[in-house]
Amino acid sequence: VVPAAAKPLPAYVAWKDPTAMIVHTSSTLETKRSAFGTSVITPAEQLYIRNNLPAPDASIIADRDAWEVQIEGVKNPRNFNLKQLKGMGLETTAMVLQCSGNGRGLFPTKASGTAWAVGAAGCVVWSGVPVRDVVAALGGVADGMVYMTGTGGEKIPEGLDPKSVMVERSVPLKAMGDALLAWEMNGAPIPLAHGGPLRLIVPGYAGVNNVKYIKRLAFTLAQTEAAIQKTGYRLSPPGQKGDPSHPAVWEMAAKSWINSPAPDAGVVPAGMSLIKGVAFGGMQALKAVEVSIDGGASWLAAKFVGPDLGRYAWRQFVLSVKLAPGNYTIASRAIDVLGNLQSEVSMENTGGYNNTSWRDHALKISVV
Ligand code: MSS
């Protein structure tokens with residue numbers, strides 16, 4: 001089989017590392033498994049990209065401090081520009097940013113949409129003002145509000161109903177506790193492609209809830225009517241279209257996967273071998289990770305290596321095993337501090353969201 005020629009990087013992300021990326025389309029770029037290397041933090045050059053609408057023009061980052069966000073649904077609603085926000089508080093959170101569809105390509109029945117394997121995720125360090133500080137400065141959330149709703153700053157293509165395409169997401173109010181309005185990613189101003197000048201960061205919540213180029217943050221009585229919330233990103237039974245009665249894609253669950261040895265690394269030499277990967281708890285902190293070399297019949301405790309960057313980050317793990325020649329199915333499973341085990345099987349759903357199944361993520365290797 002002759003491999004298809006690798007697609008070039010789209011112009012707006014030409015600064016990415018071409019050796020680390022799989023270009024699915026101009027709005028979906030995945031990190032190669034082999035690029036999840038030694039660093040616990042995913043460098044910007046290697047971080048995946050997902051855009052539902054074309055990214056805004058680069059002119060919005062010409063004067064970053066001038067970017068304005070409207071705060072609504074608080075006692076004293078008002079606008080702030082980025083310069084003002086920078087004086088209101090500062091917090092740093094390391095967090096797994098993971099697309100809701102990460103692992104979609106591994107579901108047994110292939111859901112439509114980008115067939116991500118494991119690389120629509122990264123561990124990213126965000127800095128910005130805690131949303132709770134902004135809210136406190138405005139007298140608190142207005143009475144009775146139930147959701148925190150963020151609106152992206154993209155231009156709506158002409159002739160389209162804004163509700164049908166706009167990126168506007170609602171999350172439960174409690175998500176405000178750890179949320180940030182962030183202007184830095186991995187210690188540098190957030191690149192346009194990742195939501196600069198200002199991005200809503202909702203730790204523990206799936207990628208789509210982390211609204212880029214945020215222009216409005218509102219506390220609301222109801223979830224937004226935007227299609228991306230109302231019918232999109234819903235856990236709908238296979239064959240059914242998304243519907244507000246189906247659960248929204250919000251909190252992430254415990255998950256892990258093996259990065260090395262990868263099946264595409266060729267055959268693995270017999271003898272002592274290191275099985276390496278990443279694990280995270282999603283909404284909860286991670287407690288432990290286990291590895292199986294017999295397809296899940298038995299499990300061994302893996303060892304964490306590298307730093308612990310906190311509740312919402314991932315951790316690198318390693319297990320050294322002696323492998324005799326033969327074929328193996330290797331798998332990993334994460335366990336969070338509440339004792340929740342990474343699921344063996346994930347609920348199939350129309351959108352192919354939230355695949356945390358360790359079985360679907362198991363790898364077949366040949367040892368010679
Ligand atoms: N935001 C906005 N504004 N827009 C868009 O499109 N997307 C989502 C988020 N946010 C968007 C937003 C998604 S969907 C995701 S994943 C993310 O983002 C990504 O990120 P990055 O930075 O990586 O690209 Mo799925 O769940």
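The following questions and answers concern a predicted model with a ligand.

User: In which cavity does the ligand sit?
Analyst: A molecule sits in a cavity if more than half of its atoms lie within 2 Å of the grid points. By that test, the ligand is assigned to the largest cavity.

User: Which residues come nearest to the ligand?
Analyst: The ligand has 21 residues around it. By class, 10 of the shell residues are nonpolar, 7 polar and 4 charged. Those that come nearest are Asn 52, Cys 99, Ser 100, Glu 154 and His 194.

User: How many Å separate a nitrogen atom of the ligand from an N or O atom in the side chain of Glu 154?
Analyst: Glu 154 is among the residues that come nearest to the ligand. An N or O atom of its side chain pairs with a ligand nitrogen, and the distance is 2.6 Å.

User: Which residue places a backbone N or O atom 3.1 Å from an oxygen atom of the ligand?
Analyst: Oxygen of the ligand is approached by side chain and by backbone. The side chain of His 194 has an N or O atom 2.6 Å from a ligand oxygen. The backbone atom at 3.1 Å from a ligand oxygen belongs to Val 208.

User: Is Asn 210 buried or exposed?
Analyst: Asn 210 lies in the loop between strand S12 (199-201) and strand S13 (214-220). Beyond its neighbours within four places in sequence, Asn 210 has contacts that include Met 95, Leu 97, Arg 199 and Tyr 205. The cut-off for a buried residue is under 20% relative accessible area. Because its relative accessibility is 2%, Asn 210 counts as buried.

User: Which residue has its backbone nitrogen at 2.7 Å from the side chain of Asn 210?
Analyst: Among the residues in contact with Asn 210 are Leu 200, Ile 201 and Val 202. The backbone nitrogen that the Asn 210 side chain reaches at 2.7 Å is that of Val 202.

User: Why does Ala 136 count as exposed?
Analyst: Ala 136 belongs to helix H2 (residues 131-137). Its C-alpha is 10.0 Å from that of Asn 76, with the two positions 60 residues apart in sequence numbering. A residue is exposed when its relative accessible area is over 50%. Ala 136 counts as exposed because its relative accessibility is 56%.

User: Which residue has its backbone nitrogen 2.9 Å from a polar atom of the side chain of Asp 308?
Analyst: Asp 308 is placed in the loop between strand S18 (303-305) and strand S19 (315-323). Asp 308 is exposed, with a relative accessible area of 52%. The backbone nitrogen at 2.9 Å from its side chain is that of Gly 310.

Notes. Residues are numbered from 1 along each chain as its sequence is written. This is a predicted model: local features need pLDDT of at least 70, side-chain atom pairs count only at pLDDT 80 or more; totals for chains, interfaces and linings use all residues. Side-chain values use heavy atoms; hydrogens and water are left out. A residue is near a molecule or strand if one of its heavy atoms lies within 4 Å of it. A polar contact is a pair of N or O atoms within 3.5 Å; within protein, one must be able to donate a hydrogen and the other to accept it, and residues adjacent in sequence count only if both atoms are side-chain atoms. On a 1 Å grid over the protein atoms alone, a cavity is a set of points where a 1.4 Å probe fits but cannot get out, and a pocket is an open set with protein on both sides within 12 Å along at least five of seven lines; lining residues have an atom within 4 Å of a point. Ala, Val, Leu, Ile, Met, Phe, Trp, Tyr, Cys and Pro count as nonpolar, Asp, Glu, Lys and Arg as charged, and the others, Gly among them, as polar. Helices (H or I, at least four residues) and strands (E, at least two) are DSSP runs, numbered from the N terminus. Buried means under 20% relative accessible area, exposed over 50%, partly exposed in between (1.4 Å probe, protein chains only). Contact means heavy atoms within 4.5 Å.
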